[in-house]
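The following exercises are to be worked through with the sequence and the model at hand. Each task is followed by a solution in steps.

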Amino acid sequence: MTRLCVLLPLAVATAFAATAHAATPVVVVDPGHDLLANPATEPIGPGSATLKIKDGGGTHGVVTGIREPDLTLDVSLRLRTLLRRAGVRVLMTRERTAGVSMGNVARARIANRAGAALFLRVHADGSASGDARGTHTLTPALRPGWTDDVYGSSRRAAGLVQTELVRALGFPDRGIQERSDFTGFNWADVPVILVELGFMTNPTEDRQLARPAVRRRAAVGLCRGTLRFIGLPGARCGI
């Protein structure tokens with residue numbers, strides 16, 4: 001009888017812990033690109049005959065020479081720390097820059113399997129013009145059969161994250177843009193957005209994004225927008 005009295009509270013505690021774990025929101029953070037581009041192709045959406053390359057490799061700093069995959073990973077790791085402190089479970093599509101990019105279908109499937117509350121893709125922009133500046137957020141366009149189940153929630157997430165990211169970085173606000181041609185959007189079954197922190201081809205923003213303090217601000221902005229989207233106080237991200 002004594003043993004049963006000991007085991008019952010233990011079983012209840014285990015069940016409670018499992019329930020609490022399951023109820024904790026999951027965010028999948030996707031640092032853009034990897035060490036090497038991936039010229040292999042994949043369908044732009046489920047069942048599509050239209051193919052796109054898996055990963056073009058990203059851009060780099062016009063002044064600093066910093067590569068986009070290294071910038072996005074650094075900001076994403078800072079974001080992971082903040083989200084975990086706020087009580088969010090975080091999965092990363094990669095934790096180092098060390099190989100050929102997996103492509104966008106594989107990234108979306110990681111988020112789908114996790115049942116992510118948000119699939120947050122972190123990138124930086126590039127342009128043929130060094131004058132192009134600013135932060136913007138991309139979200140899926142409405143494509144029946146592909147994105148209709150995530151269109152509204154993704155659009156809402158984009159608005160919240162864009163607002164907080166612009167506030168944190170102070171770069172020009174380039175707004176929200178819908179994209180129908182992003183493989184990682186069309187394969188996602190969970191809310192998904194892609195943030196472009198700033199233009200690495202702009203000397204001012206390139207220098208700014210090279211600074212640890214600015215990268216931390218970017219992570220804080222992303223954290224606050226994410227928490228607001230999943231219904232948690234943005235203040236948990238700190239300052």
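**Exercise 1.** In which sense do β5 and β8 pair, and over how many bridges?

*Solution.* The model is a predicted one, in which local features need pLDDT of at least 70 and side-chain atom pairs count only at pLDDT 80 or more, while totals for chains, interfaces and linings use all residues. Residues are numbered from 1 along each chain as its sequence is written, and side-chain values use heavy atoms, with hydrogens and water left out.

Step 1. Fix the terms: helices (H or I, at least four residues) and strands (E, at least two) are DSSP runs, numbered from the N terminus. Two strands pair if DSSP finds at least two bridges between them.

Step 2. Apply them: β5 and β8 pair in the parallel sense over 6 bridges. In this pairing, His123 stands opposite Glu196 in β8.

Step 3. Consider β1 as well: its pairing with β5 is parallel and runs over 5 bridges. Here Pro31 stands opposite Val122 in β5.

**Exercise 2.** Establish the strand order of the sheet and identify its edges.

*Solution.* Step 1. The sheet is open, has 6 strands with mixed pairing, and follows the order β4-β1-β5-β8-β6-β7.

Step 2. β4 (89-92) and β7 (173-179) are the edge strands, each pairing on one side only. From one strand to the next the twist averages 20 degrees; angles run from 0 to 180 degrees between N-to-C directions, with axes fitted as lines to C-alpha atoms, for helices over the stretch in contact.

Step 3. At the β7 edge, strand β6 (residues 135-140) and β7 pair in the parallel sense over 5 bridges. Thr139 stands opposite Glu178 in β7.

**Exercise 3.** Which strands does helix α2 touch, and which does helix α4 touch?

*Solution.* Step 1. Contact means heavy atoms within 4.5 Å.

Step 2. Helix α2 (residues 68-85) packs on the sheet and touches β1 (26-31), β4, β5 (118-125) and β8 (192-199). The direction of α2 makes about 145 degrees with that of β5.

Step 3. Helix α4 (residues 151-169) also packs on the sheet, touching β5, β6, β7 and β8. The direction of α4 makes about 170 degrees with that of β6.

**Exercise 4.** How many residues of β5 are buried?

*Solution.* Step 1. Buried means under 20% relative accessible area, exposed over 50%, and partly exposed in between (1.4 Å probe, protein chains only).

Step 2. By this criterion 8 of the 8 residues of β5 are buried.

Step 3. In a regular strand the side chains alternate between the two faces of the sheet. Leu118, Leu120, Val122 and Ala124 point one way from β5, whereas Phe119, Arg121, His123 and Asp125 point the other way.

**Exercise 5.** Locate the salt bridges of Arg107 and contrast them with the bridge of Arg133.

*Solution.* Step 1. A salt bridge requires a side-chain nitrogen of Lys or Arg within 4 Å of a carboxyl oxygen of Asp or Glu. The whole structure holds 11 salt bridges.

Step 2. Asp30 and Arg107 meet in a salt bridge at 2.5 Å, N to O. This pair links strand β1 with helix α3 (residues 104-114), 77 residues apart, and both residues are buried.

Step 3. Arg107 also meets Asp55 in a salt bridge at 3.8 Å, N to O. Because Asp55 lies in strand β3 (residues 51-55) and Arg107 in helix α3, the pair ties together parts that are 52 residues apart in sequence. Asp55 has 7% relative accessibility and therefore counts as buried.

Step 4. Arg133 forms a salt bridge with Glu205, with the closest N and O atoms 3.2 Å apart. Arg133 lies in the loop between β5 and β6 and Glu205 in helix α6 (residues 203-209), so this pair ties together parts 72 residues apart in sequence. At 31% relative accessibility Arg133 counts as partly exposed, whereas Glu205 is buried, with 0%.

Step 5. Salt bridges with shared partners join Asp30, Asp55, Arg107 and Arg121 into one network.

**Exercise 6.** Which cysteines form the disulfide, and where do they lie?

*Solution.* Step 1. A disulfide is a pair of cysteine sulfur atoms within 2.5 Å. The structure holds 1 disulfide, which joins Cys223 to Cys237 with an S to S distance of 2.1 Å.

Step 2. Cys223 lies in helix α7 (residues 212-230) and Cys237 in the segment after α7, 14 residues apart.

Step 3. The link of Cys223 and Cys237 is left-handed, with -80 degrees about the S-S bond.
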